[in-house]
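Reader: I would like a close look at one part, the surroundings of the ligand. Which residues are closest to the ligand? Please go on to the rest of the chain afterwards.

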Amino acid sequence: MGNKKEEQLKQHTIDNEQQAGLTTNQGLKMAEDEFSLKAGRRGPTLIEDFHFREKMTHFDHERIPERIVHARGVGAHGEFQVYEPLAEFTKANFLNDPSKTTPVFVRFSTVQGSRGSADTVRDVRGFATKFYTDEGNYDLVGNNIPVFFIQDAIKFPDLVHAVKPEPHTEVPQGGSAHDTFWDFVGQNHETAHMVMWAMSDRGIPRSLRMMEGFGVHTFRLVNAEGKAHFVKFHWKPKLGVHSQVWDEAQKAVGKNADFHRVDLYEAINKGDYPEWELGLQLIPEEDEFNYDFDILDPTKLWPEEEIPVKLVGKMTLNRNVDNFFAETEQVAFHPGHLVPGIDFSNDPLLQGRLFSYTDTQLSRLGGPNFHQIPINKPVCPFHNNQRDGMHQMAVHKGQTSYHKNALNNNQPEPVPADQGGFEHYQEKIDGHKIRGRSDSFLDFYSQAKLFYNSMTDVEKQHIQDACSFELGKCESDMVKENAVDLLNRIDRHLAEVVADNLGVHVPEENNEVQSDKTSPALSMANTIKKPDTKSVALLLAGDVDANQVKQWVQTLADHNVNYSLVGKKAYMLGDLKVKETYDTVDSSLFDAAFLVSAAMTVEDDVLEFIENTYKHYKPLALHVHHKEALATCRVKQDQPGVFTFDEHNLDGFNAFIDGIATARFWDRA
Ligand code: HDD
């Protein structure tokens with residue numbers, strides 16, 4: 001059976017190639033489309049030119065508001081399959097039938113920047129998945145960071161006002177390195193934990209294909225007997241979790257602002273389908289209070305060593321969109337789109353999100369019928385008494401549109417729970433109406449410290465550097481000192497280093513929270529490492545042997561490594577196309593470099609490429625005959641990750657391929 005969503009979208013797809021001719025929107029064939037209707041060849045345009053008016057009016061209205069957050073995104077289609085029935089935990093049909101493939105649409109995004117901002121900025125990444133299940137759409141609207149900045153949705157407008165470009169200058173675009181964000185952080189210490197994540201390498205992913213996803217909140221899974229478990233959702237990438245280095249990410253902003261978007265598109269086009277496993281952390285309802293954090297607090301994660309992640313299924317993204325606007329831009333996610341067997345918890349951030357998403361989509365997509373837009377349509381029948389409204393696409397027949405009715409036999413009739421109708425989990429609630437926060441939410445620093453403690457020395461260094469960079473971009477010393485005060489409650493050494501870099505005071509008293517607890521799962525050092533789908537630049541100069549190059553690229557391809565041939569100019573090298581030049585690309589866009597040059601000297605642009613590859617700790621392959629030419633440059637040939645070889649001894653080249661898997665050689669001097 002075909003993919004139901006694909007079949008449905010096909011009914012709406014219009015392919016210009018199959019059309020007979022150009023018509024107006026009324027279907028009138030037009031004989032001319034280049035000149036407006038005029039009174040004489042040099043005369044004024046006539047208002048009766050309906051064709052001009054229709055074309056221009058449509059064009060004038062082709063933009064819709066961008067998302068207030070997560071404006072810049074990229075989407076792809078795919079499918080999900082569960083490994084084993086999860087009936088013990090949930091009655092959700094798509095999580096119980098391993099033979100079923102459920103169509104999905106995923107949209108990845110950055111949070112802060114506008115639609116046209118760059119991809120490789122330091123930011124949180126959105127990871128939103130729509131499952132088109134047979135029981136309705138289920139949306140898992142998550143991020144690549146498992147915790148959030150705030151604990152209560154009422155503060156979300158404040159957080160977003162603070163992080164977005166400042167209102168008087170609309171600066172900066174695509175990042176949080178500015179006063180209002182750090183002022184918010186300094187005044188709202190619940191941000192501590194997520195700030196650690198955002199300043200870590202997680203904030204600058206190498207590829208959207210190489211990052212984790214998290215549902216963030218605690219949700220509930222409910223089985224057919226009505227028994228509930230609290231659950232946290234995870235997406236684990238099969239390629240492992242990898243990041244850029246900050247200098248590299250900044251350069252990539254200029255060299256290819258669409259770096260992540262293109263990476264995803266090309267991987268899918270090539271058949272390198274990105275895959276993630278769905279993971280669940282489960283806590284039985286009765287164990288709700290057995291932890292040293294409140295499971296309703298969205299600034300807390302559940303350490304994987306204490307509550308293991310059970311891998312329950314796999315998602316594969318295997319089809320790019322046909323039209324960015326129709327699909328990626330118009331897709332509308334909502335954490336409240338549920339199916340029977342999945343339900344909410346009382347996390348106050350989640351509760352507020354349940355209001356915001358429909359509300360924002362009403363203005364972004366122009367009315368209440370956005371569920372009828374093809375990308376948003378469920379693949380199962382949907383039917384109720386809602387009628388009319390802007391952009392109504394359906395023709396609802398019949399006399400009645402109300403419940404209860406006798407004229408139409410009370411159709412459409414609610415479906416009892418035992419026949420698949422959704423029933424809210426019947427949690428007992430008893431409390432006073434108050435504005436307040438539970439005392440169990442007040443420990444802001446322990447898990448920030450847990451995260452920092454779990455980092456390797458290199459990862460800690462990156463957090464120190466990132467805090468120093470971001471705060472260094474702030475104008476106000478007060479803002480800097482308040483932020484250092486927050487760091488001082490997490491880790492004294494971190495606060496001291498950052499304060500020193502900023503030239504501001506560190507608080508006299510060491511207020512760091514006392515804990516040496518670690519969670520190895522939080523460090524990226526322990527991730528999956530393989531060469532697959534990484535990209536290597538083959539740097540060409542001089543009169544290189546086409547057959548030899550062909551052998552190298554074949555070896556790389558045999559290891560599922562991608563490559564680009566980079567030359568002084570674009571040209572054909574035998575039957576290989578040298579498409580890129582030292583002008584069109586830069587080392588920041590590759591995972592490794594391989595100097596294939598036959599020339600004995602290394603020219604400046606090639607040298608810069610090699611030096612930056614080295615500077616960013618990436619693997620570098622050099623032919624022995626370059627030893628001398630590179631003797632005085634910044635590349636130290638005896639350092640880890642620099643591989644030398646010649647045609648007679650390929651050990652170095654084979655080690656280079658292993659080096660591509662290693663990705664970064666942090667112990668390089
Ligand atoms: Fe949100 C978009 C993820 C908190 C309000 N959010 C949005 C998107 C993602 C997230 C991935 C983009 C969806 C897409 O690609 O179209 N948001 C999160 C996560 C949060 C979170 C993981 C915390 C755990 N969000 C959050 C809060 C509120 C919102 C607390 C408001 C109360 N989010 C929105 C929004 C957006 C949105 C304003 C903008 C566009 C949209 O919804 O459709 O409603």
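Author: Here is the ligand site, followed by salt bridges and a few single residues.

First, some ground rules. This is a predicted model, so local features need pLDDT of at least 70 and side-chain atom pairs pLDDT 80 or more, while totals for chains, interfaces and linings use all residues. Residues are numbered from 1 along each chain as its sequence is written, and side-chain values use heavy atoms, with hydrogens and water left out.

Start with the ligand. Around the ligand stand 23 residues. A residue counts as near when one of its heavy atoms lies within 4 Å. The closest are Arg67, Arg107, Arg353, Tyr357 and Gln361. Sort the shell by class, and you get 11 nonpolar, 9 polar and 3 charged residues. Here Ala, Val, Leu, Ile, Met, Phe, Trp, Tyr, Cys and Pro are nonpolar; Asp, Glu, Lys and Arg are charged; the others, Gly among them, are polar.

Which elements build the shell? β3 (125-133), β4 (136-143) and α9 (348-364) each give at least two residues. Helices (H or I, at least four residues) and strands (E, at least two) are DSSP runs, numbered from the N terminus. Helix α9 contributes the most, with 7 residues.

Tyr357 sits in helix α9. Its OH is the only protein donor of the ligand's iron atom, at 1.9 Å. Donors are N, O and S atoms within 2.8 Å of the metal (3.2 Å for Na, K and Ca); water is not among the atoms, so sites may look incomplete.

Now look at the ligand's oxygen atoms. A side-chain N or O atom of Arg107 is 2.6 Å from an oxygen atom of the ligand. For Arg67, a polar side-chain atom is 2.7 Å from a ligand oxygen. For Ser356, the distance from a side-chain N or O atom to a ligand oxygen is 3.0 Å. A polar contact is a pair of N or O atoms within 3.5 Å; within protein, one must be able to donate a hydrogen and the other to accept it, and residues adjacent in sequence count only if both atoms are side-chain atoms.

Next, the salt bridges. The whole structure holds 40 of them. The rule asks for a side-chain nitrogen of Lys or Arg within 4 Å of a carboxyl oxygen of Asp or Glu.

Take Arg220 and Glu285. Their side chains form a salt bridge, 2.6 Å from N to O. Distant parts of the chain are linked by this pair: Arg220 is in strand β6 (residues 219-222), Glu285 is in the loop between β8 (275-284) and β9 (310-320), and they are 65 residues apart. Both Arg220 and Glu285 are buried. Buried means under 20% relative accessible area, exposed over 50%, and partly exposed in between (1.4 Å probe, protein chains only).

Another pair is Asp139 with Lys130, whose closest N and O atoms are 3.0 Å apart. Both of these residues are buried too.

Then there is Lys251 with Asp247, at 2.9 Å from N to O. Both belong to helix α6 (residues 246-255), 4 residues apart, about one turn of the helix. Lys251 counts as partly exposed because its relative accessible area is 29%. Asp247 is partly exposed as well, at 24%. Finally, Arg202, Glu212, Lys236 and Glu304 join in a network of salt bridges.

Now a few other places. Helix α4 (residues 179-187) has these buried residues: Asp179, Phe181, Trp182, Phe184, Val185 and Gly186. Their cover includes α3, α5 (192-199), α11 and α12 (477-490).

Helix α11 (residues 457-472) also holds Gln464. Gln464 is buried because its relative accessibility is 8%. Beyond its neighbours within four places in sequence, Gln464 contacts Tyr452, His493, Leu494, Val497 and Val498. Contact means heavy atoms within 4.5 Å.

Two loop residues finish the look. Asn369 lies in the loop between α9 and α10 (446-453). Its relative accessibility is 9%, so Asn369 is buried. Leaving out residues up to four places away in sequence, Asn369 touches Asp388, Gly389, Met390, His391 and Gln392.

Asp152 is in the loop between β4 and α3 (156-163). Asp152 is partly exposed, at 29% relative accessible area. With residues up to four places away in sequence set aside, Asp152 touches Glu190, Pro348 and Leu349. Asp152 and Asn654 are 53 Å apart, C-alpha to C-alpha, and 502 residues apart in sequence.
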